[in-house]
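Here are a few exercises to work through with the model open beside you. Try each one yourself before reading the solution.

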Amino acid sequence: MGKNIFFEQKGPFFLDELFTASLLKKKIKIFDIRNLQQATNRDLTFFDHINYISLAKSTKAAYCITTARLKDYLPKTCVPILVKNVIFELCRVTRQFYPNADIDSPDLTLKNSKKIKISKVKFGNNVLIGKKSKIGKNSIIGSNTIIEHDVIIGDNCTIGSQVVLRNSLIGNNVVIQDGCKIGLKGFGFIPLKEKNLRFPHIGKVVIKDNAEIGANCTIDRGSMDDTVIGKNTFLDNQVHVAHNIKIGNNCMIAGQVGFAGSTVIGDNVSIGGQAGVSGHLNIGNNVKIGGGSGVVKDIKDGTVVMGYPAVVLKEFIRNSKK
Amino acid sequence: MGKNIFFEQKGPFFLDELFTASLLKKKIKIFDIRNLQQATNRDLTFFDHINYISLAKSTKAAYCITTARLKDYLPKTCVPILVKNVIFELCRVTRQFYPNADIDSPDLTLKNSKKIKISKVKFGNNVLIGKKSKIGKNSIIGSNTIIEHDVIIGDNCTIGSQVVLRNSLIGNNVVIQDGCKIGLKGFGFIPLKEKNLRFPHIGKVVIKDNAEIGANCTIDRGSMDDTVIGKNTFLDNQVHVAHNIKIGNNCMIAGQVGFAGSTVIGDNVSIGGQAGVSGHLNIGNNVKIGGGSGVVKDIKDGTVVMGYPAVVLKEFIRNSKK
Amino acid sequence: MGKNIFFEQKGPFFLDELFTASLLKKKIKIFDIRNLQQATNRDLTFFDHINYISLAKSTKAAYCITTARLKDYLPKTCVPILVKNVIFELCRVTRQFYPNADIDSPDLTLKNSKKIKISKVKFGNNVLIGKKSKIGKNSIIGSNTIIEHDVIIGDNCTIGSQVVLRNSLIGNNVVIQDGCKIGLKGFGFIPLKEKNLRFPHIGKVVIKDNAEIGANCTIDRGSMDDTVIGKNTFLDNQVHVAHNIKIGNNCMIAGQVGFAGSTVIGDNVSIGGQAGVSGHLNIGNNVKIGGGSGVVKDIKDGTVVMGYPAVVLKEFIRNSKK
């Protein structure tokens, strides 16, 4: 894991600059805050849910924000920092490292594509490109599209008109249709009476080779992780993909489907129009989800489900006949 | 209530210019047509549904379009004008006062933000601003965004890229993400065989302090009233808010939720993704509506509902287990 | 049927250039590939589903890609070309005739409306117009809107801001609100492991007189046929209309409704918010579909349905009371 290319990063901080009330008042330098998997032995991480035990056990982080109940799953190399509300402390500390990742301030470094040199790329009119963005050869970018700073687009991509791309890495041969808004912050915040505390979103959107995104889709970037659209996965129009979602390869996602945050979708999954998938679920490989379904539980490989709440197809048909 | 700042207003009209077939052929001047609450003693109002009895009883309007069945609820100061179809007559008269509020003609007064003087505001490229728009200090407006005439935006707001704002008043510290279309006319018309008669939309959209609107949302302005998003209320991506909806403070509205017209939502309400709320309902404070639900009835304070049609959670779980 | 004005067409091809493995190695010239109804005696057509028997019986096509099971329904004037997978062969051959209809490459011929002469039309700022587009008198086009090559717009139309129109024929008095993306290719492809094979979309979108399309709608063009929105039909915001859908006259389609491909909707149909209609269905005239419903079967004239799956209203109410 290199440096976060999209967000200004502060630090390193001494541990007692991050946790003033802590017993850990040592002059230990913390270089970054990262998830269990990505943290190095110079970083702080967090562990807030039993779902992530296997990642916790193998984390390389030096310190971990967690609870008394979960702390014993961490390896000996990782010092627990016990708190009552992991998410609140995580939010607070992440905002310290990344002060500008909680609101999507529009990129003011944009320049008209006619004023910058990008060779072997075709541009429509009024395409706006941010600093350090890269676009691969034989790609074509439609009119009025905005590609913010540091975005990387591969070769042979077709990006439609009136698209916004931020904080994203786009593979080769990717098609993104008109009106998509990709890489914005997700819907994550701690509700507070007068002014909600926004969770920083320091992840990005990764769209892999040969994927296609239909018109007017929204794909939010990850908070402490990335949002990923797999190879050769096609999304129809008006699909909403929330933060941290990971969709596998060769999936077919029909129109107006919505994903709540942090769910993992396997390979070869097909999802019918207007279906909704709740957050923090695991959907296996080769799963088929009927149109209009509401998925609220994990689904095993190869299962066909339908309904609201979604059940295996046979059961849905039986219930419909009652 | 001052003058309607967004729409050209004709009049005053004499009563017999508005109701030619009426028995009320007096040379009475009518200055405006407004709802029960907003009308003054120089105005005409309308009363079409038993739901609005308490507003009817206290209206200050001089005249009221209503039916024989409802007329006795009006105060003595208000003269009923009896008709068969209140909505049709209301539509007809409102079109006479406001001839340009039924179709959203694009604003042709727009100028590039570089050509006008607005201090202490940061603009992206190609931001277009209409006449008499005001933007507060420390606000930032993303590229290709359109802010039509007379729109007012408060301080410290972040307006994304490719947004359209019309007929709207935006508070302080408001975030509006990319691609939102706010303040357009709602889906209101009288179906006629050859050419539907569009209902004028003379209301506006009011978004209060600290609110956040996700990407590609649509918020229609009110017809005879305003559409309101409360303080510190957050909407996720692709939410659709129809005309006259009033959402309270501190609400959380997840992705792809849809509201039909004229419903009132209390404070501290949370609504899961893809839920739909029918028109003309009252949803109390502290209500939780599960994702994918279809709400077709009023909901009392503090209730948790789920399902289609939505029922209290306990009942939903019981039904799912059958 | 004249020439396809929107897509570059190759050919004519000899039959053995199209079907190399075929027994039909004759030097017969094939001028176009068209659906059963549109094909002339110089064209190739296809017949893949028992639903289309009546069209098959009266086709004028010279040749038809079909299966052993269906071939006997064709008239004697039409020579069947027997294949295992009609859709795959159709896709392959259509790509040969129309090599650029499978990906929506942005139009690079666009010019600012200020640089071209179109009289009696009002334009906002930065309107981009493609080659050979025509816009009728008294129409108005909002800022940042893109009208690609060969699009035809009638008289007295109001096209909002940040709209994209491609491959479309728009009638008179049509209203299209901000942010709509109309005429893009549909969600049609043959799933293949490494790289899906996109189905060419050589049809267009036809929007008839007096229709209205709400904000941020997406209407995909047809694949081998057109997508049609009937006269005086109104769509609310965020509606998704997939390829080949035909909606009749005087329909009311509320917000966030979604249509899967190739369904035919009659006249005077009203559909409540967030309802979904599956593909390849026939919905009769004067049908009412309740909000949030999921329609998976044909519906006869005059029926009122509701639910998921949608059933006649009486049954839905009975089931809800259980």
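A residue counts as buried if 20 or more other C-beta atoms lie within 10 Å of its own C-beta atom. Keep in mind that this is a predicted model.

**Exercise 1. Decide whether B:Thr94 is buried or exposed, and describe its surroundings.**

Solution. Start with the location: B:Thr94 sits in helix H3 of chain B, which covers residues 86–97. Next, count neighbours: 23 other C-beta atoms lie within 10 Å of B:Thr94, so this residue is buried. Now see who is there. Leaving out residues up to four places away in sequence, B:Thr94 touches B:Ile33, B:Pro200 and B:Ile202. Finally, try a distance: from B:Thr94 to B:Leu82 it's 12 residues along the sequence and 17 Å through space, C-alpha to C-alpha.

**Exercise 2. Work out the strand order and the edges of the four-strand open sheet in chain B.**

Solution. Walk across the sheet and you get S3-S4-S5-S6, with parallel pairing. The edges are S3 (32–33) and S6 (79–82) of chain B, since each of them pairs on one side only. Zoom in on S5 (residues 63–66) of chain B: four bridges tie S5 to S6(B), and the two run parallel. For one example, look at B:Tyr63, which stands opposite B:Val79 in S6(B).

**Exercise 3. Do the same for the open sheet of 11 strands in chain C.**

Solution. The order this time is S8-S11-S14-S17-S22-S25-S28-S31-S34-S36-S37, and the pairing is mixed. At the edges you'll find S8 (122–123) and S37 (310–312) of chain C, each with pairing on one side only. Pick out one pair inside the order: S14 (residues 158–159) and S17 (residues 175–176) of chain C are parallel, joined over two bridges. In that pair, C:Ile159 has C:Ile176 of S17(C) as its bridge partner.

**Exercise 4. Find the residues with the most contacts inside the largest nonpolar core.**

Solution. A bit of background first: in soluble globular proteins, nonpolar side chains tend to be buried together. Here the largest nonpolar core has 180 residues, and the ones with the most contacts inside it are B:Ile176, B:Ile253, C:Ile176 and C:Ile213. Take C:Ile213 as a case: beyond four places in sequence, it touches C:Ile176, C:Gln177, C:Cys180, C:Ile207, C:Ile219 and C:Leu235.

**Exercise 5. Split chain A into domains and look at where they meet.**

Solution. Chain A divides into domain 1 (13–97) and domain 2 (111–321). Their centres, taken over C-alpha atoms, are 29 Å apart. At the contact, six residues of domain 1 of chain A meet seven residues of domain 2 of chain A. On the domain 1 side, that's three nonpolar, two polar and one charged.

**Exercise 6. What relates chain B to chain A, and how do the chains meet?**

Solution. Begin with the superposition: a 120° rotation with 0.0 Å of shift along its axis lays chain B on chain A, at an RMSD of 0.0 Å. That is the relation of a three-fold axis. Chain B goes onto chain C with a turn of 120° and a shift of 0.0 Å too, again with an RMSD of 0.0 Å.

Now the contacts. Between chains B and A, 36 residues come from chain B and 34 residues from chain A. The chain B side there has seven nonpolar, 26 polar and three charged residues. Between chains B and C, the contact takes 34 residues from chain B and 36 residues from chain C. On that side, chain B offers 15 nonpolar, 14 polar and five charged residues.

Technical notes. Residues numbered from 1 in each chain as written. Chains lettered and ligands numbered in written order. Predicted model: local features only at pLDDT ≥ 70, side-chain atom pairs only at ≥ 80, totals over all residues. Pairing = 2+ DSSP bridges. Least-squares fit on C-alpha atoms with pLDDT ≥ 70 in both. Contact = placed C-beta atoms within 7 Å. Nonpolar A, V, L, I, M, F, W, Y, C, P; charged D, E, K, R; others polar. Domains from an automatic or database assignment. Core = buried A, V, L, I, M, F, W, Y, C linked by C-beta atoms within 7 Å. Buried ≥ 20, exposed ≤ 12 C-beta atoms within 10 Å, placed from the backbone.
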